[in-house]
Amino acid sequence: MIIHGGAPLRGTVSLSGSKNAALPIMMASLLTAEPLTLRNVPRLRDVKTAMELLGQLGVAVRWTGEHDVELCAAKISSHEAPYELVKTMRASFVVLGPLLARTGRARVSTPGGCAIGARPVNLHITGIRALGSKIQFRHGYVEAHAEKLTGGRIWLDSPSVGATQNIMMAAVTARGRTLIENAAREPEVQDLARVLVKMGAQISGSGSHVIEIEGVEKLHGAEHEIICDRIEAGSMMVAAAITGGDVKISNAPVADLEAVIAKLRETGVRVEANGHGLRVARPATLVPIELRTLPYPGFPTDLQAQMMALLTQADGTSVITETIFENRFMHAQELARMGADILMKGNTAIVRGPSELCGAPVMATDLRASMGLILAGLAAETATELSRIYHLDRGYEALDAKLTALGAQIERVKDDSL
Ligand code: UD1
């Protein structure tokens, strides 16, 4: 992807459905023999991977409209999530809970390492074991077996998003009551809980630290519209700010973006929020800030790379601390190649600005890092050449088209699209 910087972005952009909400919700289709109809599903590589995985398990899954997907697990024909799929998309691991709940057994590959950190699955396993499943690790796979899961009390060492989702789906048809304490509160966890409730589950407390689930006999079909992508929203907000533009986001989930709005305002960026959307514009000077990534409702780690790009333009020294993943600063070295002044100390990055960014060949290392580099490219004086953009296609729908419509000059020189 070649990014020609310098143009302030202006206009209105509309967000796609949230990838991180859509993926686990698609996996919830395993919990019922009846159809689950989803709207506002983003057309992304990861969604395609989830469809492939579910298809291999026997789920009939098809697009019924531009953003509509129907999934029907009338019969489940396999219990295995193979390494080939799980290694390309870690979120696949979340089939463990629903597959086990529906059929009494599951064989799911462990995901292995990841560019941004070790990302173990121990909390998923502890939780599912606490519901009475036998679990063995063999040949790189988790093999789970349970005649009938029973409710239990689970305290998560850290509020893992994926573990909370996996345990929730395992518990909805377990015998008795389950409590997940120190649960993740992310909007994507809440969206999954909403769908499960529509399917007949009894869940309370989602969005708080304690989720309570009263097991029911079985779930039924449902219809659901996926929430809009708060990470895409934050990325677009930074795009407006870093280019000195003025952008409206028509369908921004404002309530889910409180920490992001607060931090952008702290830098001096003007953010107007109303019930339906956001308008973002940048003042002449950006103020440096201190930023810590935290579980929701704190500032999301998935927007850390984008904020780092923005803070290279602030007038002074900013400090960014990454508390969620141990190795999520790969973009810092690439930003430095574009002229940024960033000093790394463990999980802290010290960003001294303002730097005059100039284009350079840079490499994407993960999904959000790619977005950070594009944003830096939009503020750079000369063209930036970003390679390995397949990371982007995993998680941003029609990104080039959306940015181009706002006035960005971006081209793909080799087509990596879906
Ligand atoms: C989800 C998001 C991802 C986001 C992350 C944190 C999806 C598909 N992905 O990932 O975009 O960056 O939340 O907001 O929704 N951990 C353990 N043991 C476990 C599970 C997690 O130690 O069993 C650790 C992880 O290594 C990490 C931290 O907990 O350091 C948070 O991970 P988690 O919340 O589980 O992230 P994901 O669900 O994988």
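Domain bounds here come from an automatic or database domain assignment. With that in hand, let us explore this structure, which is a predicted model.

**Exercise 1. Find out which parts of the protein surround the ligand, starting with its domains.**

Step 1. Which domains each give at least three residues to the shell around the ligand? They are domain 1 (2-16 + 228-411) and domain 2 (19-225).

Step 2. Now look at single residues. The ligand is surrounded by 17 residues, where a residue counts if one of its heavy atoms lies within 4 Å. The closest are N122, L123, S160, D302 and I324.

Step 3. Sort the shell by character. You will find seven nonpolar residues, seven polar ones and three charged ones.

**Exercise 2. Pick out the backbone contacts of the ligand, then see how much of its surface is covered.**

Step 1. Start with I324: one of its backbone N or O atoms is 2.5 Å from an oxygen atom of the ligand. For L123, a backbone N or O atom lies 2.7 Å from a ligand oxygen atom. At P120, a polar backbone atom is 3.3 Å from an oxygen atom of the ligand.

Step 2. Turn to the surface. On its own, the ligand exposes 740 Å², and the protein buries 82% of that.

Step 3. Which elements give two or more residues to the shell around the ligand? Helix 5 (122-130) and helix 6 (161-171) do. Helix 5 supplies the largest share, three residues.

**Exercise 3. Work out the strand order of the sheet that contains strand 1, and explain what happens at its edges.**

Step 1. Read the order across the sheet: 22-23-1-24. This is an open sheet of four strands, and its pairing is mixed.

Step 2. Why is one side of strand 22 (361-363) and of strand 24 (409-411) left without a neighbour in the sheet? Each stands at an edge and has a single partner strand, so there is no neighbour on one side.

Step 3. Add the twist, which averages 20° from one strand to the next.

Step 4. Zoom in on one pair. Strand 1 (residues 2-4) joins strand 23 (residues 384-387) through two bridges in the antiparallel sense. Here I3 has T384 of strand 23 as its bridge partner.

**Exercise 4. Describe the sheet that contains strand 10 in the same way.**

Step 1. The order is 10-11-13-12, in an open sheet of four strands with mixed pairing.

Step 2. At the edges are strand 10 (153-155) and strand 12 (202-204), each of which pairs on one side only.

Step 3. Ignoring direction, neighbouring strands of this sheet are turned by 15° against each other on average.

Step 4. Are strand 10 and strand 11 (residues 177-181) parallel or antiparallel? They run parallel, and three bridges join them. Within this pair, R153 stands opposite L179 of strand 11.

**Exercise 5. Locate the unusual backbone spots in three loops.**

Step 1. Find the cis peptide bond between Y296 and P297, with omega of about 15°. P297 belongs to the loop between strand 18 (290-292) and helix 10 (304-311).

Step 2. Move on to G353 and P354, whose peptide bond is also cis, with omega near 0°. The loop holding P354 runs between strand 21 (348-353) and strand 22.

Step 3. Finish with H139, which is not a glycine yet has a positive phi of about 55°. Its loop lies between strand 8 (134-138) and strand 9 (141-145).

Notes
Residues are numbered from 1 along each chain as its sequence is written. This is a predicted model: local features need pLDDT of at least 70, side-chain atom pairs count only at pLDDT 80 or more; totals for chains, interfaces and linings use all residues. Side-chain values use heavy atoms; hydrogens and water are left out. Two strands pair if DSSP finds at least two bridges between them. Axes are lines fitted to C-alpha atoms, for helices over the stretch in contact, and angles run from 0 to 180 degrees between N-to-C directions. A polar contact is a pair of N or O atoms within 3.5 Å; within protein, one must be able to donate a hydrogen and the other to accept it, and residues adjacent in sequence count only if both atoms are side-chain atoms. Accessible areas come from the Shrake-Rupley method with a 1.4 Å probe; for residues, only the protein chains shown count as cover. Ala, Val, Leu, Ile, Met, Phe, Trp, Tyr, Cys and Pro count as nonpolar, Asp, Glu, Lys and Arg as charged, and the others, Gly among them, as polar.
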